[in-house]
Amino acid sequence: PPTQEPDPYPFNEPPLFPEPWYFNYDTRPGAKYGPGYFGLVPTDGGFTSAYKNNQWAAQEIDPQYAYKEFSDEGYGPWQGVLANHMPSRNQCGRVGNQSPIDVRHNGLGRCTETHEVRSLRGDFRLNGDKVHKEIHPNKLRFRYERRPCSDLRNVACQEPDPPNADFPNGWGGFADVMHVDFKVPSEHWINGKQYDAELQVFHLHKNRRRMPTQSTVIQATADGFNWYFDEALQAFEYQYRRDQIICAASQRRERELFTEFHQAMTTPLENTKQAVSVEDNVSESNNLRSRNRINNTTATTTIASNNQKDHYYDTWAHYSIDSDAPEYQQQDEDMRQRILQNGVWDPHHEMLVPSIHFYRYEGSLTEPPCGEWVSWFVTDKPMIISFEQLDQLKNILFNHVDAATCRRTSVQYDHSVARPIQETANRPVYLCTEVDFGPDP
């Protein structure tokens, strides 16, 4: 029989003792930390379809989670803006106002937006310290620094500024981008179709006390290389490789310590100083082992047998890994130089948001605490990227390792960090096109 190819993105089992706010995307029946799934539920009249096994609904909220910033107990210029929504409350068990959904015009509302989303790219350079490149267990994120203050009538609050946008239908003024997320596959579906990935640009509007969010689904094609998207992708790739290199250095040091320990145990100790040195090295090795998932069964067996396998430890200590290769290090340096040359990266760029038309609906965050303060503007056409770019996006997100622990960080299941589709219920969902856009006042 043909040999089955190994899964390039294997599922990471939950920790033995996870934090109370740990969650993943395991949608199997009986999963302990997943978002649930749709299934048949018995009723008095028979059966109905409903959400089952939604473990997110019972999730505690991380005390340091991102949206605490906007609560009354928060900090910075936007403290308290979302306090009316009680952002520390878990709303993942609610029905009828949750996201994502399968967006399609449902006839329950009509477009009242009078213009497209108008955006400004701001001043923050992708290579600067104002844009944080973060690889999360369930997304890739650009997190933008905040303005020094929120009163835009004050000149001191106006510059420098992050990307921002003017949303239609009486929002009034521009809303700053808080962060930009990339998810795989798309969380929103459009007219019954799920796409390969999704871009989500979260803004915060002070007066409306909501987060207007521009979403664009992503489709990969054979000839769809997207040079503007690639600038973001390479920034995340650089962070991915940096974390690999830090992890590899730690593993290399542990190999060296094991080798030193073995050599000392198989060679007569010549003096007390050497004995003390060995003891210190063993202690350091044990500390490293507690932070790295290193299987030392072979090492223990070989150390116990003073035989011809001694040479194994010499090669083991200096074992070369992929990140040691000169070509890898040159690629890493080339990537660093490329990022340093990047200017301002606009998350509203036409290569990322290829249409001014959008679907509108009111919804929520798509991860705990699932807060219902998001106003979604879902672009009606997908961003196009190449298959190679999609593979790179998946590899960064699904195979990332924590630099300190060398553990895989992804919480994906079945190559997905997309929350399952939620019920639209009676919410108006409508499409806005240029037919609806009137002349500027």
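Reader: Hi! Before we get going, what does "buried" mean here?

Author: Hello! A residue is buried when its relative accessible area is under 20%. Ser355, at 11% relative accessibility, therefore counts as buried. One thing to keep in mind throughout is that this is a predicted model.

Reader: Good to know. Where is Ser355 found?

Author: Ser355 sits in the loop between helix 6 (326-341) and strand 13.

Reader: And which residues is Ser355 in contact with, leaving aside its neighbours within four places in sequence?

Author: Those partners are Thr379, Asp380 and Lys381. There is also a polar pairing with the backbone: a polar atom of the Ser355 side chain lies 3.0 Å from the backbone nitrogen of His357.

Reader: Thr379 caught my eye. Which side chain does a polar contact of 3.1 Å join to that of Thr379?

Author: That one is Thr216, whose side chain makes the 3.1 Å polar contact with the side chain of Thr379. Thr216 is part of strand 12.

Reader: Is Thr216 buried or exposed?

Author: Thr216 counts as buried, because its relative accessibility is 1%.

Reader: What else does Thr216 touch, not counting residues up to four places away in sequence?

Author: Besides Thr379, the residues Thr216 touches include Glu198 and Leu199, then Leu352, Val353 and Pro354, and also Lys381, Pro382 and Met383. As for Gln200, its C-alpha atom is 6.6 Å from that of Thr216, and the two residues are 16 apart along the chain.

Reader: Nice. Let's switch to empty space. How many cavities of 30 Å³ or more does the structure hold?

Author: The structure has one cavity of 30 Å³ or more. The volume of the largest cavity is about 70 Å³.

Reader: Which residues line the largest cavity?

Author: Gln200 comes back here, as one of the lining residues. The lining also has Tyr67, Lys139, Arg141, Asp181, Lys183, Phe202, Leu365, Thr366 and Glu367. Strand 6 (139-144), strand 8 (174-183) and strand 11 (197-204) are the elements that give two or more residues to this lining.

Reader: How does the lining of the largest cavity divide into nonpolar, polar and charged?

Author: There are three nonpolar, two polar and five charged residues in that lining.

Reader: OK, and what about the largest pocket, what volume does it have?

Author: The largest pocket comes to about 1200 Å³. It is lined by 37 residues, and the closest to its centre are Tyr22, Phe23, Pro137, Thr409 and Val411. Strand 5 (131-136) and strand 6 are the elements giving two or more residues to the pocket lining.

Reader: Same split by class for the lining of the largest pocket, please: how many nonpolar, polar and charged?

Author: The pocket lining has 17 nonpolar residues, eight polar and twelve charged.

Reader: Now the backbone, since I'd like to check geometry. Where are the cis peptide bonds?

Author: One cis peptide bond joins Val184 and Pro185, with omega about -10°. Pro185 is in the loop between strand 8 and strand 9 (189-190). The bond from Pro368 to Pro369 is cis as well, with omega near 15°. Pro369 belongs to the loop between strand 13 (358-363) and strand 14 (374-379).

Reader: Any positive phi values outside glycine?

Author: Cys370 is one example, with a phi of about 60°. Cys370 is in the loop between strand 13 and strand 14, and it counts as buried because its relative accessibility is 0%. Arg209 also has a positive phi, near 55°. Arg209 lies in the loop between strand 11 and strand 12 (211-221), and its relative accessible area of 32% makes it partly exposed.

Reader: One more residue: where does Glu237 lie?

Author: Glu237 is in helix 2 (residues 227-265). Glu237 is buried, because its relative accessible area is 8%. The side chain of Glu237 makes a polar contact of 3.2 Å with that of Gln392.

Reader: Last thing, can you give me the overall picture?

Author: Sure! The protein has seven helices and 16 strands, and 49% of its 441 residues are buried. Of the contacts between residues at least 6 apart in sequence, 71% join residues at least 24 apart. About 21900 Å² is exposed, with carbon and sulfur atoms supplying 50% of that area.

Methods:
Residues numbered from 1 in each chain as written. Predicted model: local features only at pLDDT ≥ 70, side-chain atom pairs only at ≥ 80, totals over all residues. Heavy atoms only, no water. 1 Å grid on protein atoms, 1.4 Å probe; cavity = no way out; pocket = protein on both sides within 12 Å on 5 of 7 lines; lining within 4 Å. Points joined across faces, edges and corners; volume = space filled by probe spheres on them. Helix = DSSP H or I, 4+ residues; strand = E, 2+ residues; numbered from the N terminus. Nonpolar A, V, L, I, M, F, W, Y, C, P; charged D, E, K, R; others polar. Buried < 20%, exposed > 50% of the residue type's maximum accessible area, 1.4 Å probe, protein only. Contact = heavy atoms within 4.5 Å. Areas by Shrake-Rupley, 256 points an atom, 1.4 Å probe, with all protein chains shown as cover. Polar contact = N/O pair within 3.5 Å; in protein donor to acceptor, adjacent residues only side chain to side chain.
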